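Trainee: Could we take a close look at just one part of this model? I would like to start with a pair of strands and then see what else is around in the chain.

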Amino acid sequence: TRLTDFCPLYCEAGGGNLVTQFDKDDVEAVGLVKFDFLGLRTLTIIDWAVKAVNRHRPADDPLDIGRIPLDDPDAFALLKAQQTTAVFQLESRGMKDLIRRLQPDVFEDIVALVALYRPGPLQSGMVDDFINRKHGRQQVEYPHPDLEPILKPTYGVILYQEQVMQIAQVLAGYTLGGADLLRRAMGKKKPEEMAKQRDIFLKGATERGVDEATASHIFDLMEKFAGYGFNKSHSAAYALLSYQTAWLKAHYPAAFMASVLSADMDNTDKVVTLIDECRELQLTVHPPDINRSGYAFQALADGSILYGLGAIKGVGEGAIEGLIEERERGGPFRSLDDLCRRADLHKTNRRVLEALIRAGALDGLGPNRASLMAWLPGALSRADQHHRDAAAGQVDLFGGALEAVEEVIEPPVPEWEELQRLHEEKETLGLYLTGHPIERYLDELAVFTTGRLADLDASDLAAGPNGRGAEKEVVVAGLVVALRTRNGRRGRMAFLTLDDRSGRVEVAVFGEVYEQYGELLVKDRILVVKGALGHDDYSGGLRLRAQEIHDIETARARFARCLEVELSRDRLQNGATREFAELLDPYRDGGCPVVVRYRNGHARATLRLGPRWQIRPTDECLDRLRRFAGEDKVVVRYQ
């Protein structure tokens, strides 16, 4: 059956929904209406956030997101500051730049943002006209006095498709249906249809007293901007969701961020970005806890966030849901043995339990993660035996069912070293949550850097070279948490973000500096950067232009004056002198002198080893020496 034959029969029958394989153009040509229904995850995020807020509000005063004011100063302050990560439609880098330039202060500006941030308006100059007119840097002009009511909200710029339709109605007497046909003709740019519409527009406009030259100019403007114009009803609907998410982030950041994190749990990179945003918002994110956490992230009453068990890599949804159900049925897990006995080991297998231990979710069940990992095989073995006994219906000597099982107390083992613990955490969570790799280096970094990243100050910048504006030289250090590279006119370049747990700064690496140090630019590596600090026109913050880059070990070797090792007479007995020499031997290809401070009772002596014993003061070398001499007996002295 042909579609043109079928549709009248279908309509006469009063049928409701029609599913067709015909394309949208054919469907519209025979008079059917096509609807596009978008499934937006943001609606779910808003719903989750509102429910989280209302759990802590009086029952007779719930939050109704549909009734929030559209002129809230806190929400607009958040937008103006470009704190729009996780805000619907407004979180991209380019959009943040547009927000910085536009500085929205009314809801209509958010509607315009959604419509303006597209290739057409950005490339046509329309965006610059809109921004300059809003801020009074350019005079607002209207092609005809009758168009002021239509174009005043957009400062005389034809931005929306509905404005094209209104202009046609007001100036040329188009009907609403005719104006829609004009809009579609302009959007599709069909020459024959456009010529026909021009004649209709000019005829209607001149009949209403509009000068033909003016009418032709206005039609040209409409034709130009119709290709860029956006559907305002669509933009307004999106802008409302943008505003609602910005409002929630401004007033209920924990509930909002927990909802966004829950929606993106399967995307580790996104979770890392959102946890970083939580830190920017001064929100505490607690590690996962088998006795407190749910599957998703939770906003707590104190304004903090509890990590969701479902965001741990290597742990399936079925295993987590089974553990949560058992916890709700039988109460909190008291120990690792208790957990293993009560869990369904077909779902919660050894791999799952190891992931939970490495992520810190079982920290409450033992003295440390290393002990829990060491105890796990025995706990699983005992749990398996318990399940087999229960399945066999074994009873005790007094005829009772096998219920209680005696806890086996195993001795603890030393905790993993900090770097290993953090590495295991990052492997399972995708980020460092309970610590930071840079913390072990803070004391020595303080010697050869100009300060922490949070202390960077641009108030005393001196004039910079090559017209780059005001700059000053600094030396900073941090972990590379973001990195992007691209080709420029002068070769490869990179932009990396350093984090030292106190703050962040973006570092630009250009030209010869990239060629010399490019191999060091790797995520999760601690770098020491000497560079020129200046203002970042894009973000409004600070940016560092790199001049030298070193990893932590290279920087230590460069800035170190000597390595001091304190040894007592007792420590050097029984062949320890030879052991000390053997420890230094693998690192004797460096340039750092070694100084031994010898102590024998009250006697003190200082011995500077010869040039052939100058070493590379690597992390491995220092760790081995500290195990030999004592944690506080090995010190790197700096210039």
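Trainee: In which sense do β1 and strand β3 (residues 305–306) pair, and over how many bridges?

Mentor: Happy to help! β1 and β3 run in the parallel sense, and two bridges join them. Before going on, note that this is a predicted model, in which local features need pLDDT of at least 70 and side-chain atom pairs count only at pLDDT 80 or more, while totals for chains, interfaces and linings use all residues. Residues are numbered from 1 along each chain as its sequence is written, and side-chain values use heavy atoms, leaving out hydrogens and water.

Back to your strands (strands are DSSP E runs of at least two residues, helices H or I runs of at least four, numbered from the N terminus). One bridge to look for joins H286 to its partner L306 in β3. The open sheet has three strands in the order β1-β3-β2, with mixed pairing (strands pair if DSSP finds at least two bridges between them). β1 (285–286) and β2 (298–299) are the edge strands with a single partner each, so one side of each has no neighbour in the sheet.

Next, the inside of the protein. The largest nonpolar core contains 124 residues, and F201, M222, F297, Y307 and L356 have the most contacts inside it (a core joins buried Ala, Val, Leu, Ile, Met, Phe, Trp, Tyr and Cys through side-chain atoms within 4.5 Å). Beyond its neighbours within four places in sequence, M222 touches I158, V164, I167, A168, L182, M186 and F201 (contact means heavy atoms within 4.5 Å). Another core lies apart from that one: it has 35 residues, among them Y432, A555, L584 and L622.

L622 leads us to helix α26, where it is buried along with D619, C621, D623, L625, F628 and A629 (buried is under 20% relative accessible area, exposed over 50%, partly exposed in between, with a 1.4 Å probe and protein chains only). The cover over these buried residues includes α24 (552–559), β10 (560–568), α25 and β13 (634–638). Just after α26 comes G630, whose phi is positive at about 125°.

For another buried spot, find A246 in helix α14 (residues 232–251). Its relative accessible area is 0%, so A246 counts as buried. Outside its neighbours within four places in sequence, A246 contacts A75, L78, L79 and V87. F76 is 170 residues from A246 in sequence, yet their C-alpha atoms are 8.1 Å apart in space.

Now for the charged side chains. The structure holds 50 salt bridges (a side-chain nitrogen of Lys or Arg within 4 Å of a carboxyl oxygen of Asp or Glu). D337 and R382 make one of them, at 2.8 Å from N to O. D337 sits in helix α18 (residues 336–342) and R382 in helix α20 (residues 369–392), so this pair ties together parts that are 45 residues apart in sequence. D337 counts as buried because its relative accessibility is 8%, whereas R382, at 27%, is partly exposed.

Another bridge joins R616 and D589, with the closest N and O atoms 2.4 Å apart. This pair also links distant parts of the chain, 27 residues apart: R616 is in the loop between β12 (603–608) and α26 (619–629), and D589 is in the loop between α25 (576–584) and β11 (594–600). R616 is partly exposed at 31%, while D589, at 55%, is exposed.

D180 and R184 give you a bridge within one helix: both lie in α11 (residues 176–188), four residues apart, which is about one turn. Their closest N and O atoms are 3.8 Å apart. Both partners are partly exposed, D180 at 22% and R184 at 32%. There is also a network of salt bridges, linking E326, R329, R334, D338 and R342.

Finally, a backbone detail. Most residues other than glycine have a negative phi. Q103, in the loop between α5 (93–102) and α6 (107–116), has a positive phi near 55°. D524, in the loop between α23 (511–517) and β8 (526–535), also has a positive phi, near 70°. Q103 is partly exposed at 26%, and D524 is partly exposed at 33%.
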